[in-house]
Each structure stands twice: as C-alpha cells, then as structure tokens.
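Colleague: I have a new model open on my screen and would love to walk through it with you. Could you take my questions one at a time?

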Amino acid sequence: MLKIHSLKNIFSQYKPFFVFLSKFLLFYVVFTFIYKVYLNHYDVAKNEVDFFTEVVAKQTVYLLNLFADTSHTFPHEFESSIKLFYNHKYVARVVEGCNAISVMILFAAFVFSFSTQWKKTSLYIGLGILLIHILNVVRIALLCYALYYYPDYEKILHGSIFPLFIYGVVFLLWILWITKFSGYVKKN
C-alpha cells in the first residue's frame, strides 16, 4: 500500500512533466507514423521522390534563379533524390530528409505538448511550419551556393553549419512559444 501511495505522490508531484511527455510522445508518434505511411506510397526501387521533396527542390531552384538564372533540377538516375545544379554544375542532391518534414513534426510536437489553447496552438504551429519551410529552402539554396564556391568545406557546411541553422531557428521558436504564447510562464 505504501508503494502505491508513493507512486501517486510522485505522479502528483511531477504531473506537469508527465502531461508534457504524454502529449509530446502521442503527437510525435502519430504524425511520424502518418508521414511514414505517406512515404510508403513512393517506390524507392524505382527512384521515386515524394511530393514534398520535389516541392523543396523546385522552390530552391526558384530562389537561386532570382539571383542568377543558371539553376535547375534533374531526377537522380540511381537513387530517390533530385540533383540540384547551380551555374550548370551539379552541387547537391535533395533527398527525403532535406524536406524538413521530420523537423516540422518535432517542432509541432513540442509546441503541442505545451499547449493550453487549441486556436493559438494551431496558429503557432502553422506559422512555425511555414517559417521552417521557407528557411529550409533558403538553407538549401545557401548550401548550394556555398558548395559551388567552397566544395572543400562540404562536410562542415552540410554536416554542421546548415543543420545548426535550422535547428537553431526551431529552438528559438520553442523558447518564444514557451515564454510568450503558451500560457505556461506566468507574467509578473
């Protein structure tokens, strides 16, 4: 009986944490599952690229062509990706992971887990996803530009600097959500 009482005290004491964790895991697992089901509609053996990845590649080329009309895409011959050309040179490939959908799901799950009002939460998630998408396209365009002029720095550019850019923005959006909009931080 003492153990059950202790567990109730622990749950009661840490209830906000358990509520956060439950909401986060529920949202993240459900939307990751939905995304995986969506991806299963594309045949990797036939080098099919999902719709969102195609959109990101096309919007990246559009952005690059605002500054120099020499960028284009081409389907990769041997894998499920899209080749990006800048100044007629193959500089990068856009794969499923480049579309930032998994980052958007992570962002939305965190915001949802700190939600108090459905309308405000939905609006913030929608605007946040839009901002992440736009910044992701900018990130890929800048990466193409950087890889064209500095191909020797591909590892640090692709592996460190540009991921820090997108994850840094997500982190700042989370901080903004918690401190200004979620209703969890009490104003003095």
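Colleague: Leaving aside its neighbours within four places in sequence, which residues is valine 111 in contact with?

Modeller: Happy to help, and please keep in mind that this is a predicted model. Contact here means heavy atoms within 4.5 Å. With neighbours within four places in sequence set aside, the partners of valine 111 are Thr121, Tyr124, Ile125, Trp174 and Trp177.

Colleague: Which residues touch the most other members of the largest nonpolar core, and which helix gives the most to this core?

Modeller: This core has 29 residues, and Phe107, Phe110, Val111 and Ile132 touch the most other members. At least two residues each come from α2 (15–39), α4 (101–113), α5 and α6. The helix that gives the most, with 10 residues, is α4.

Colleague: How many residues are in the other core, the one that lies apart from it?

Modeller: In soluble globular proteins, nonpolar side chains tend to be buried together. Here a separate core includes Val56, Cys98, Ala141 and Phe162. Its number of residues is 21.

Colleague: Are α4 and α6 roughly parallel or roughly antiparallel to each other?

Modeller: Two packed helices are described by the angle between their axes and the distance between the axes. For α4 and α6 the axes lie 10 Å apart, at an angle of about 15 degrees. Angles under 35 degrees count as roughly parallel. The relation of α4 to α6 is therefore roughly parallel.

Colleague: How many nonpolar, polar and charged residues does the contact of α4 with α6 have?

Modeller: The α4 side brings Val103, Leu106, Phe107, Phe110 and Val111, and these meet Tyr167, Val170, Leu173, Trp174, Trp177 and Ile178 in α6. The two helices cross in a right-handed way. Sorted by class, their contact comes to 11 nonpolar, no polar and no charged residues.

Colleague: What about α2 and α4: are they roughly parallel or roughly antiparallel to each other?

Modeller: The axes of α2 and α4 are 8 Å apart and make an angle of about 150 degrees. Angles over 145 degrees count as roughly antiparallel. So α2 and α4 are roughly antiparallel.

Colleague: Which classes of residue does the contact of α2 with α4 have, and how many of each?

Modeller: From α2, the residues involved include Phe20, Lys23, Phe24 and Thr32, while those from α4 include Ile101, Ala108, Phe112 and Ser113. α2 passes α4 in a right-handed crossing. By class, this contact has 13 nonpolar, 2 polar and 1 charged residues.

Colleague: How do α5 and α6 lie, roughly parallel or roughly antiparallel?

Modeller: Helix α5 covers residues 118–149 and helix α6 covers residues 154–181; their axes are 11 Å apart and the packing angle is about 160 degrees. That angle makes α5, relative to α6, roughly antiparallel.

Colleague: And how many nonpolar, polar and charged residues make up the contact of α5 with α6?

Modeller: The crossing of α5 past α6 is right-handed. Counting by class, their contact has 18 nonpolar, 4 polar and 3 charged residues.

Colleague: Let's turn to the loops. Is serine 71 buried or exposed?

Modeller: Serine 71 sits in the loop between α3 (51–67) and β1 (72–75). Beyond its neighbours within four places in sequence, serine 71 is in contact with Val61, Leu64, Asn65, Phe85 and Tyr86. Its relative accessible area is 7%, and buried means under 20%. Serine 71 is therefore buried.

Colleague: Which is exposed and which partly exposed, asparagine 87 or histidine 88?

Modeller: Asparagine 87 is in the loop between β2 (82–86) and β3 (89–94), and histidine 88 is placed in the loop between β2 and β3. Neither is a glycine, yet asparagine 87 has a positive phi of about 50 degrees and histidine 88 one of about 65 degrees. With a relative accessible area of 23%, asparagine 87 is partly exposed. At 61%, the exposed one is histidine 88.

Colleague: Last one: how far apart in space are valine 95 and threonine 53, C-alpha to C-alpha?

Modeller: Valine 95 belongs to the loop between β3 and α4, where it is partly exposed at 24% relative accessibility. Not counting residues up to four places away in sequence, valine 95 touches Thr53, Glu79, Ser80 and Ser81. Valine 95 and threonine 53 are 42 residues apart in sequence, and their C-alpha to C-alpha distance is 6.7 Å.

Definitions and conventions. Residues numbered from 1 in each chain as written. Predicted model: local features only at pLDDT ≥ 70, side-chain atom pairs only at ≥ 80, totals over all residues. Heavy atoms only, no water. Axes fitted to C-alpha atoms, helices over the stretch in contact; angles between N-to-C directions. Helix = DSSP H or I, 4+ residues; strand = E, 2+ residues; numbered from the N terminus. Parallel < 35°, antiparallel > 145°, perpendicular 65-115°, else oblique. Left-handed = near helix turned anticlockwise from the far one by under 90°. Nonpolar A, V, L, I, M, F, W, Y, C, P; charged D, E, K, R; others polar. Buried < 20%, exposed > 50% of the residue type's maximum accessible area, 1.4 Å probe, protein only. Core = buried A, V, L, I, M, F, W, Y, C linked by side-chain atoms within 4.5 Å.
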